[in-house]
Amino acid sequence: MMAYLALFWSFFQIGLFSIGGGYAAMPLIQEQVVEINGWLSLGEFADVVTLSQMTPGPIAINAATFVGIRVGGIGGAVVATLGCVAPSCIIVLILAKLYYKYRSLSLIKGVLAGLRPAVVALIAAAGMSILTLSFWGTGGEIRLASTDWVAVLLFAAGFFVLRKWKPNPIFVMLGAGALGGVLYLVLDLPV
Amino acid sequence: MKHNPAFYWKLFSSTFALSAFTFGGGYVIIPLMRKKFVEQYRWIGEEEMLDLIAIAQSSPGAIAVNASILIGYRLAGIPGALVTILGTVLPPLLILSVLSYFYAAFRANRVVAAVLKGMQAGVAAVIFDVVVGMAIQVGKEKKLLPVLMMLGAFAAAYLLGWNVILILLICGLLGAGRALYGERQGGEKG
């Protein structure tokens with residue numbers, strides 16, 4: 001029972017504070033799931049983000065399901081998902097009522113404009129965690145000698161392709177997976 | 001429009017299909033929802049759909065979930081909203097449930113581990129591509145405060161390990177203050 005409450009509350013906070021869509025939920029999920037509750041390791045969190053890219057659905061719902069099952073089976077997944085969508089239900093309906101009454105969202109737009117730089121920064125910080133994990137593994141020690149050069153190459157190539165040709169990110173993911181899979185196995189590197 | 005079981009089934013199956021076959025998050029699913037509910041079914045007007053999307057983007061949570069709540073509520077009140085939430089949430093819930101049961105077995109396989117490790121570098125590239133795009137937008141405003149807030153928030157989150165919610169609250173208050181101050185300056189863009 002306590003586990004279900006903790007799941008609900010964690011994902012309620014994630015739902016409530018992930019503003020701006022897309023990756024905005026990522027830093028909050030990392031904090032709640034990896035740092036505060038220790039339900040997943042950083043490596044497992046990175047796997048969930050990766051799986052989310054390859055499957056349909058919002059990252060927060062995907063994470064809620066994955067973590068929920070880990071902590072409390074299917075029931076846990078349902079509870080975590082409910083926690084995640086509950087704030088949306090409440091706030092969206094309140095905003096819709098206000099909107100139909102006043103037809104203006106200027107203060108809300110002001111707050112959102114103020115949040116945008118913070119959201120960018122927080123996504124960058126969560127991205128840094130995944131990047132250092134990818135380059136230097138879970139040890140957390142950043143040393144030139146322990147750098148995974150295949151990961152550096154894949155990151156640089158992926159980033160270049162995305163910036164230059166703006167393909168659907170799923171193709172970059174598939175490309176990095178295929179090329180990385182071959183390189184790690186052929187060069188017989190630790191994975 | 002009659003709210004008979006056939007209507008609810010159509011509402012459920014269309015949101016379910018949209019959610020199940022849309023890769024790439026809220027920014028991809030929104031135009032598809034517009035196509036389905038505005039152009040194909042003609043259940044919602046063009047203008048109103050734009051307003052609903054603006055509300056969905058202004059609310060916390062996943063944009064796809066927010067938009068589907070609004071569409072369901074607009075068409076059939078609370079029961080409609082419940083039907084569209086269910087339709088939107090079920091596909092990722094089912095897919096990730098199946099994946100998470102196979103995850104441990106998958107992860108132990110050396111080939112899968114190698115592919116996942118490659119994808120991890122790929123996902124880092126995707127995230128930084130998004131971050132660079134968003135940061136350029138912030139920089140384009142040519143205002144000092146947002147850029148300082150961006151750098152400050154990054155330092156607080158990554159270097160100092162501050163609580164994410166605290167950082168969001170501080171920046172939200174700064175944004176609200178800036179909006180109110182800007183209004184008092186006689187509608188100048190603040």
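**Exercise 1. Name the residues that ring pairs link into a cluster.**

Solution. The model is predicted. Ring pairs join A:Phe135, A:Trp136, A:Phe155, A:Phe159 and B:Phe128 into a cluster. Over all chains, the structure holds 17 aromatic pairs.

**Exercise 2. Classify the pair A:Phe160 and A:Trp165.**

Solution. Start with the general rule: a ring pair is described by the distance of the centres and the angle of the planes. Here the centres are 5.9 Å apart. The planes stand at 90°. Angles over 60 degrees count as edge-to-face, so this pair is edge-to-face. Next, accessibility. A:Phe160 is partly exposed at 47%. A:Trp165 has a relative accessible area of 56% and is exposed.

**Exercise 3. Do the same for B:Trp9 and B:Phe12.**

Solution. The ring centres lie 5.8 Å apart, with 35° between the planes. The pair is tilted. Now place the two residues. Both belong to helix α1 (residues 5-21) of chain B, three residues apart, so about one helical turn separates them. In general, residues three or four places apart in an α-helix point the same way, because there are 3.6 residues a turn. B:Trp9 is exposed at 57%. B:Phe12 is buried at 17%, since the limit for buried is under 20%.

**Exercise 4. Describe helix α5 of chain B and its two ends.**

Solution. Helix α5(B) covers residues 110-140, 31 residues. From first C-alpha to last it reaches 45 Å, close to the 45 Å expected at 1.5 Å a residue. At its start, a side-chain oxygen of B:Asn109 comes within 2.7 Å of the backbone nitrogen of B:Val111. Just after the helix, B:Lys142 has a positive phi of about 55°.

Terms used. Residues numbered from 1 in each chain as written. Chains lettered and ligands numbered in written order. Predicted model: local features only at pLDDT ≥ 70, side-chain atom pairs only at ≥ 80, totals over all residues. Heavy atoms only, no water. Helix = DSSP H or I, 4+ residues; strand = E, 2+ residues; numbered from the N terminus. Expected span 1.5 Å × (residues − 1). Polar contact = N/O pair within 3.5 Å; in protein donor to acceptor, adjacent residues only side chain to side chain. Phe/Tyr/Trp six-rings, centres within 6.5 Å; stacked < 30°, edge-to-face > 60°. Buried < 20%, exposed > 50% of the residue type's maximum accessible area, 1.4 Å probe, protein only.
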